Amino acid sequence: MRGALKGAVGLLCLILMPADSVLAAGREYGLEARRIAADTYVFEGAAEHFTASNGGNILNSGFIVTDDGVIVIQTGPSRRYGEEMRAAIGRVTSRPIAKVFVSNLHPDYFLGSQAFADVPIAALPGTIDGIRSDGPAVTENMYRLIGDWMRGTEAVVPTEPVLGATVVYGGHRLRLMPLDGHTAADLALFDETTGVLFAGGLVFSDRTPTTPHADIARWLRSLDELESLDIAVLVPNHGTVRSDEAAIGQTRDYLTWLDATLRGAAEAGLDMNEVMATEIPARFAALNVLREEFTRSVAHLYPKIEQSVLPRVN
């Protein structure tokens, strides 16, 4: 009788759980580190939006194993992700975590940082300020988007500012590049020893760029700076890891088209709904979530562009 009652209560609890909790119960990210260069590993995320199905695992995070300890790049979208990431690193090496770098204030870059709270977490000053002010709201929004995957997650503000420098960790010479455009502060990390570029939020590969905090003109200038590097392997924030620089050109092409399209539409006096119906060139068909991100970019960027052209139109 007691066993039957316990089973009935368990079934009732399952029925009453929110849909996201049912989906996430007992689930794991299943993170597996892929070696992309000497001492260098990536956890590859899906080229999708945040959903309860993927648990927010849409970012390429990574780490570098050095003689001075492990350098972690991005901590993922949730506490659960960060904990699984740290465990997966431990399966590759017994060396301690030396430092974590967070590239910008978007949630999948920093919401796993609780798992690394015992080590220095570094970011650009603008990113630190953004996480300090907007971290709680960003976290709350992620709870709405992916539900129970976020259980126990709280925003952790990075503890150490990055001002741009070249530093050496255990034989790896790392160039820390303070850039912007995708957000107001975008950190790229280039390992001069292996030629691996962790491009932060600035490069998308076979995935449509996101623009909630974008300044396209500044973003394009940052891409020029990245393209001047001698890159052997490029780790984009989202999408396919590549052994060439093609993703930089792909990102630039889309952003240039997007900016010209929105400015042309504003000068033609089109309203937002008309712009959202714009035909997208066939050359971008290979980009994941294309129409959805274009629609979001119109909402993000078009009002300001309209305002900028109104004096000339009038």
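Q: Which residues lie nearest the centre of the largest pocket?
A: Phe50, His106, Pro107, Pro212 and Arg296 lie nearest the centre. The whole lining has 22 residues. Keep in mind that this is a predicted model.

Q: Which elements give two or more residues to that lining?
A: Three helices do: α4 (107-110), α5 (125-146) and α9 (290-313).

Q: Where does the largest share of the lining come from?
A: From α5, with five residues.

Q: How much space lies in the largest pocket, and how does its lining divide by class?
A: The space is about 380 Å³. The lining has nine nonpolar, eight polar and five charged residues.

Q: OK, second largest pocket. How much space is there?
A: About 280 Å³.

Q: What lines it?
A: A run from the 210s comes in with Ala214, Asp215, Ile216, Ala217 and Leu220. Asp259 and Arg263 are also in the lining. So are His300, Leu301, Lys304, Ile305 and Ser308.

Q: Which helix gives the most there?
A: α9 does, with five residues. Helices α6 (216-227) and α7 (246-267) each supply at least two as well. Note that α9 also gives two or more residues to the lining of the largest pocket.

Q: What about classes in that second lining?
A: Six residues are nonpolar, two are polar and four are charged.

Q: Switching to closed space. How many cavities of 30 Å³ or more does the structure hold?
A: One. About 40 Å³ of space lies in the largest cavity.

Q: And what is around that cavity?
A: The lining includes Leu59, Asn60, Ile73, Gln74 and Tyr109. Phe198, Ala199 and Gly200 are there too. Val235, Pro236 and Asn237 complete the list.

Q: How many charged residues are in that lining?
A: None. The lining divides into seven nonpolar and four polar residues.

Q: Gln74 is in that list. Where does Gln74 lie along the chain?
A: In the loop between β4 (69-73) and α3 (79-92).

Q: Is Gln74 buried or exposed?
A: Buried. Its relative accessible area is 3%.

Q: What is phi at Gln74?
A: Near 75 degrees, a positive value in a residue other than glycine. Most residues other than glycine have a negative phi.

Q: Where else does a non-glycine residue have a positive phi?
A: Asp39 is one case, with phi of about 65 degrees. Asp39 sits in the loop between β1 (34-37) and β2 (40-43).

Q: How accessible is Asp39?
A: Asp39 is partly exposed, with a relative accessible area of 34%. Gln74, by contrast, is buried at 3%.

Q: Another loop residue, Asn57. Where is Asn57, and what does Asn57 touch?
A: Asn57 is in the loop between β2 and β3 (61-66). Leaving out residues up to four places away in sequence, Asn57 touches Tyr29, Leu31, Gly45, Ala46, Pro77 and Tyr81.

Q: Why is Asn57 called buried?
A: Because its relative accessible area is 12%, and buried means under 20%.

Q: Same check for Thr261: buried or exposed?
A: Buried, with a relative accessible area of 18%. Thr261 is found in helix α7.

Q: How far is Thr261 from Val70?
A: The two are 44 Å apart in space, C-alpha to C-alpha. In sequence they are 191 residues apart.

Q: Zooming out, how many helices and strands are there?
A: Nine helices and 14 strands. The radius of gyration is 21 Å, close to the 20 Å from the globule rule for 314 residues, so the protein is as compact as a globular protein of that length.

Q: What does the C-alpha trace span?
A: About 80 × 55 × 35 Å along the principal axes.

Q: How much of the protein counts as buried?
A: 51% of the 314 residues.

Q: And what share of contacts comes from residues 24 or more positions apart?
A: 67% of the contacts with a separation of 6 or more.

Q: What is the mean pLDDT?
A: The mean is 91, and 90% of the residues reach 70 or more.

Q: Where does pLDDT stay under 50?
A: Over residues 1-25. The model has 16 contacts beyond four places in sequence for that stretch. Where pLDDT is low, the predicted coordinates should not be read in detail.

Notes:
Residues are numbered from 1 along each chain as its sequence is written. This is a predicted model: local features need pLDDT of at least 70, side-chain atom pairs count only at pLDDT 80 or more; totals for chains, interfaces and linings use all residues. Side-chain values use heavy atoms; hydrogens and water are left out. pLDDT is the predictor's confidence in each residue, from 0 to 100. Contact means heavy atoms within 4.5 Å. On a 1 Å grid over the protein atoms alone, a cavity is a set of points where a 1.4 Å probe fits but cannot get out, and a pocket is an open set with protein on both sides within 12 Å along at least five of seven lines; lining residues have an atom within 4 Å of a point. Grid points are joined across faces, edges and corners, and a volume is the space filled by probe spheres set on the points. Ala, Val, Leu, Ile, Met, Phe, Trp, Tyr, Cys and Pro count as nonpolar, Asp, Glu, Lys and Arg as charged, and the others, Gly among them, as polar. Helices (H or I, at least four residues) and strands (E, at least two) are DSSP runs, numbered from the N terminus. Buried means under 20% relative accessible area, exposed over 50%, partly exposed in between (1.4 Å probe, protein chains only). The radius of gyration is taken over C-alpha atoms; the globule rule is 2.2 Å times the number of residues to the power 0.38.
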